[in-house]
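I opened a new notebook page for this one. I plan to start with a single contact and work outwards from there.

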Amino acid sequence: MKIGKIEKTLVNSAKNGPLCFTLLDSQSTPVSKLPSIIKTIENSKAAAVFVGGSTISDQMEIEAFVDQIKKLTKLPVILFPGNISGVASNADAILFMSLLNSDNPYFITGAQALGSISVKKHNIEPLPTAYIIVGEGSGAAGFVGQARGIPTDKPEIAGMYALAAEYMGMRFLYLESGSGAKEPIPLETIQTVRKLYSGFLMVGGGIKNESTAKKIAKTGIDAIIIGSLLETKNYKTTLPKITKALRSK
Ligand code: 1GP
């Protein structure tokens, strides 16, 4: 599959150090707060705005949300869909994800088949992504996606899935511990995955401060994802500290 413009940009930018992607959920982020959130994201030099969530069911709402974001920034807007309802026609790109450790084939290839035609029709750049959920209680993503969460004390199992993603040619890998996770993915798990997977490695879930971001960055990943923090009071001061920590790892 041809490599698109956004993929090229992200891969090139990550050569200078890990990127920070911000994740906004159209269901829990009031549109009225978007101007100040986007301003902080831009000032922090985050690399992209992900839009999505596991329980999004209103495609019109997500498209209106993407529209608002695009009025406020030139940063790429990348969909992070939990289902086919997360395909918004006006986004720049989409994490075209397969939830590798789901017990339900719908989340591995079924939703992807159904959503593929819309992605093509609307010319949304697909970023071929393996999605792997770590942790026994991995939040809405794990529940909705019927994931058999990889035990946090079994990094070798995460490594096996990552190697499978590598051999299946998936150019992106999203290692997830669930939005709002109490603990981020254990460093040993990230290190094991990094050794076995050579593509663009993203890590998200439970990253709330610069010291965690810095430790994760040192494992050699390509990007972290920050979601829930943007729904807290102190995001304006914490997000720039996180992105600074990534640059100075
Ligand atoms: C969720 O990994 C992302 O899918 C971000 O997680 O909301 O915990 O930052 P947080």
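Entry one. I began at the start of α3, where a side-chain oxygen of Asp58 comes to within 3.1 Å of the backbone nitrogen of Met60. I'm noting here that the model is a predicted one.

Entry two. Next I checked the length of helix α3, which covers residues 59–72. With 14 residues at 1.5 Å a residue, the helix should span 20 Å, and I find its end C-alpha atoms 20 Å apart, so the two agree.

Entry three. Which residues of α3 are buried? I get Ile62, Phe65, Val66 and Ile69. Looking down the axis of α3, I see the buried residues fall within an arc of 100 degrees, so they line one face of the helix. On the face turned away from that buried side I find Met60 and Lys71, both exposed.

Entry four. What covers the buried residues of α3? My list includes the strands β1 (19–24), β2 (48–53) and β3 (77–81), along with helix α2 (34–43).

Entry five. I followed those strands into their sheet. They belong to a closed barrel of eight strands, running β1-β2-β3-β4-β5-β6-β7-β8 with parallel pairing. Ignoring direction, neighbouring strands of this sheet are turned by 30 degrees against each other on average.

Entry six. I looked closer at one pair: β2 and β3 run parallel and are joined over five bridges. Gly53 sits opposite Pro81 of β3.

Entry seven. Last, I went back to α2. This helix lies across β1 and β2, and runs at about 170 degrees to β1.

Conventions:
Residues numbered from 1 in each chain as written. Predicted model: local features only at pLDDT ≥ 70, side-chain atom pairs only at ≥ 80, totals over all residues. Heavy atoms only, no water. Helix = DSSP H or I, 4+ residues; strand = E, 2+ residues; numbered from the N terminus. Expected span 1.5 Å × (residues − 1). Buried < 20%, exposed > 50% of the residue type's maximum accessible area, 1.4 Å probe, protein only. Arc of directions from axis to C-beta. Contact = heavy atoms within 4.5 Å. Polar contact = N/O pair within 3.5 Å; in protein donor to acceptor, adjacent residues only side chain to side chain. Pairing = 2+ DSSP bridges. Axes fitted to C-alpha atoms, helices over the stretch in contact; angles between N-to-C directions.
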